Every structure is written in structure tokens, then in C-alpha cells.
Amino acid sequence: MPNVPAYAAARAKASLKPFTIRRREPGAHDVMIQILYCGVCHSDIHQVRDEWGNAAFPMVPGHEIAGKVLKVGGRVKRFKTGDAVGVGCFVDSCRKCEACKVGEEQYCSEGPSFTYNSFEQDRKTPTFGGYSALITVDEHYVLRIPKSIPLEKAAPLLCAGITMYSPLRHFGVKSGDRVGVVGLGGLGHMAVKLAKTLGAEVTVLSHSPEKRKDALRLGAHAFINMRSAGVFEKHAGQLDFILDTASGQHSYDSTLGLLRRDATMVLVGLPDPTPFSASSLIMKRRRLAGSVIGGIRETQEMLDFCAKHKLAADIELIPIQAINEAYKRVIKGDVRYRFVIDIASLAG
Ligand code: NAP
Ligand code: ZN
Ligand code: ZN
């Protein structure tokens, strides 16, 4: 079992510091991956700060992993040494429940093994994420990264990309639909690109007016500054679908009011509990839904879709030594639009 350099938080809210973990040698079905890039998701920050109340330490975050296959086990069929691959938010699941059987492993009734701050399916071995040099994963949970997408720009697709693609597909967003995206961050900027590519007319709802130009450049048709007086009344009932990616508390009643009759708003952001009024739904038979990441098959479909349409994340590449500063900047909304760690810097 090789010793592997990583970065970890020793306790809730602690700075991330150099740390050593161990990874297993590949078993028959495993792929050992040299991690080259890892995206920085806001979920990493929520968990390092123990904002979801289930954090275990030491924690090595990171679930937007892109790299190259280093070694494969004897029975691995789909990958060989040197292949460009990715790992997203989970590394295993029960494989037997109804959700796993239909390829929705993220909803595994036994609980998937999340890439970090979780346990392998033995429920004993802690998982460590992508802020590290190597990872060993069963081939079923490894994604193929199409050659045309640069690996550093592909990394954020493994969480931000699939988290947006899955609800857009599940709720049947189609050409001509008017789609609202709340929050222009890592998830939000991918939502704009993906929804636009599906033919939707995209409106960005942001509390950062300085992002207007970027929103339009990314493909949005309109930009609404949520802080401007009267905007929610002005645009009431205009949207067919909303993806709410905001990481902080905000009014669901205001954004629900933008939906037409029978339309759906999907929450993917996980801020503190946010109350809302039942009348926001009842009066127009609106729906409020949630969605978490996506299954392996759909994640591969999303990567292939991105390759076909020349989509990838807008990133700022950083050395691992800048991670604590990067967290502060994400919290301030000061990232355009995803930090990606250059894992080669771990050796420096
Ligand atoms: P991010 O890059 O920090 O973007 C979040 C955006 O939310 C910010 O850029 C900001 O956009 C907006 N925002 C922040 N605070 C706000 C507030 N108080 N009110 C309104 N808007 C606010 O974060 P991310 O990585 O995209 O993740 C977004 C959320 O989704 C996080 O809570 C994360 O944990 C969650 N997440 C969920 C899943 C899932 O599967 N469901 C997957 C990944 C992440 P503006 O400046 O444009 O307002
Ligand atoms: Zn994530
Ligand atoms: Zn399962």
C-alpha cells in the first residue's frame, strides 16, 4: 500500500495542511489513478467547515478528479494504463438496490461510498478525496474523459457538470424552454452552458451585478440582479424551469414566483434551512424538487455530450498551497468559475 501525499483538514474549520494517506494496490477490478487535477467544489468547503453536521476528520476533500490510469487489476476490462479518466462524488455503492440497478447509484438505498468524508462499502474504511496524488477505484465507478477536453477543464464536470446535466435531463428541459439559473458559481456557470446547448433561453439570477457580462458571454439570454428593487414582481410567472444553485440562504418564495403555472424549481444548493410559504407552490400548482449529482451512466453521457458540443468548465488553476486562500475566495463569490488544483504542486 503506497504512502500518498495529500492535503487534509485535521478538524472542523481547520486550514488544510500536508498529510499522508494510504491507497490500496489495485484489486482485480480496480483502477489506480494518478490524479493530475482536482476541482474545488463548494461542498468541499461546507464539509471542511462541518456545515452539514456529519464531518469526520482528518478529511481529504475533493470529488472532481481527473487523471491518468497508472495500473489496472487483472480483470479490468474498460481501462488501460495511460487512459484519461475521472472520478466524481462516489467511489462505490451496494450495486443491488433498485437505484443501483437502474444506474442511479447516487440514490443507493444502502448509501453510496462518497469519495471522501464517507466509508467504503465495508462501512469501516474511511474514504479520502482528490486533494491527493493517487486514488484506487473499482472500474465501474471510473469515467472516461474524452480526448478533446483538457483534463483540468474536465475535472469540474465530474461534480458541477453532472449536477446540472442530470436535472436538466430528468425534468426534460428542451429547446425553447425559459430556464432560470440562480447563482452564477461553479455549478451555475455549467448550468448556463448546458441549458443553452439544449436550446433553452437562459436567465441568470444573481446577487452579483458584476457577473452580468460573464453571464451573457457564457450564453445567457438575460441577467437579473436579485438585489434590484421590483425585479421579482417584474419577471413574475415567466420561467418554465429553475435550477437553484445558490450556496447561501435566500428567499425561495421570490424565485418560485418567477415560475409559470405547473413549472418546477429544482434545488441543488445546500444552504442553511430556508423557510418558504406553501402558497408559493399552491397558487400555480408549482413544484419544488431536489437533485443530487448523477449516476455513472449519466455522468459518462454528460462527458460525451460536453465533448460533442465543445463544453468544459471555466477554471482558475491553483497550486495546492493556495487552497486555504481559494476557500476564502469561493465563500466571497470571487472565483471565475471553478478553482482547480494542479496536483503536480503536491510534490513541490
Ligand atoms: P459556488 O461556486 O460558491 O457558487 C455558489 C453561488 O451561489 C455563488 O457564486 C453566488 O452566485 C450564489 N450565492 C452565494 N451565497 C448566496 C446567497 N446568500 N444568496 C444568494 N446567492 C448566493 O458553489 P458551487 O460549487 O457552485 O455549489 C453551489 C451549492 O451547490 C453548494 O451549496 C454546494 O454544496 C451544492 N452542491 C450540490 C450538489 C448536488 O448534487 N445537489 C453538487 C455540488 C454542489 P451569485 O454571485 O451569482 O449570486
Ligand atoms: Zn461537488
Ligand atoms: Zn444501491
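Visitor: What makes the link between ligand 1 and the side chain of Arg 338 a polar contact?
Guide: An oxygen atom of ligand 1 sits 2.6 Å from an N or O atom in that side chain. A polar contact is a pair of N or O atoms within 3.5 Å, so the Arg 338 pair qualifies. This is a predicted model, where local features need pLDDT of at least 70 and side-chain atom pairs count only at pLDDT 80 or more. Residues are numbered from 1 along each chain as its sequence is written.

Visitor: Which backbone atom contacts does ligand 1 have at Gln 249 and Gly 248?
Guide: A nitrogen atom of ligand 1 is 3.2 Å from a backbone N or O atom of Gln 249. For a polar backbone atom of Gly 248 the distance to a ligand nitrogen is 3.5 Å.

Visitor: How do you know that ligand 1 lies between domain 1 and domain 2?
Guide: Domain 1 (3–159 + 294–347) and domain 2 (161–290) both give residues to its shell, so ligand 1 lies between them. The bounds come from an automatic or database domain assignment.

Visitor: Why are Cys 41 (SG), His 63 (NE2) and Cys 159 (SG) said to coordinate the zinc ion (ligand 2)?
Guide: They stand at 2.0 to 2.2 Å from the zinc ion. Donors are N, O and S atoms within 2.8 Å of the metal (3.2 Å for Na, K and Ca), so these three atoms count. Water is not among the atoms, so sites may look incomplete.

Visitor: Why does Cys 41 count as buried?
Guide: Its relative accessibility is 3%. Buried means under 20% relative accessible area (1.4 Å probe, protein chains only), so Cys 41 is buried. His 63, at 7%, is also buried.

Methods
Chains are lettered from A and ligands numbered from 1 in the order in which they are written. Side-chain values use heavy atoms; hydrogens and water are left out. A polar contact is a pair of N or O atoms within 3.5 Å; within protein, one must be able to donate a hydrogen and the other to accept it, and residues adjacent in sequence count only if both atoms are side-chain atoms. Buried means under 20% relative accessible area, exposed over 50%, partly exposed in between (1.4 Å probe, protein chains only).
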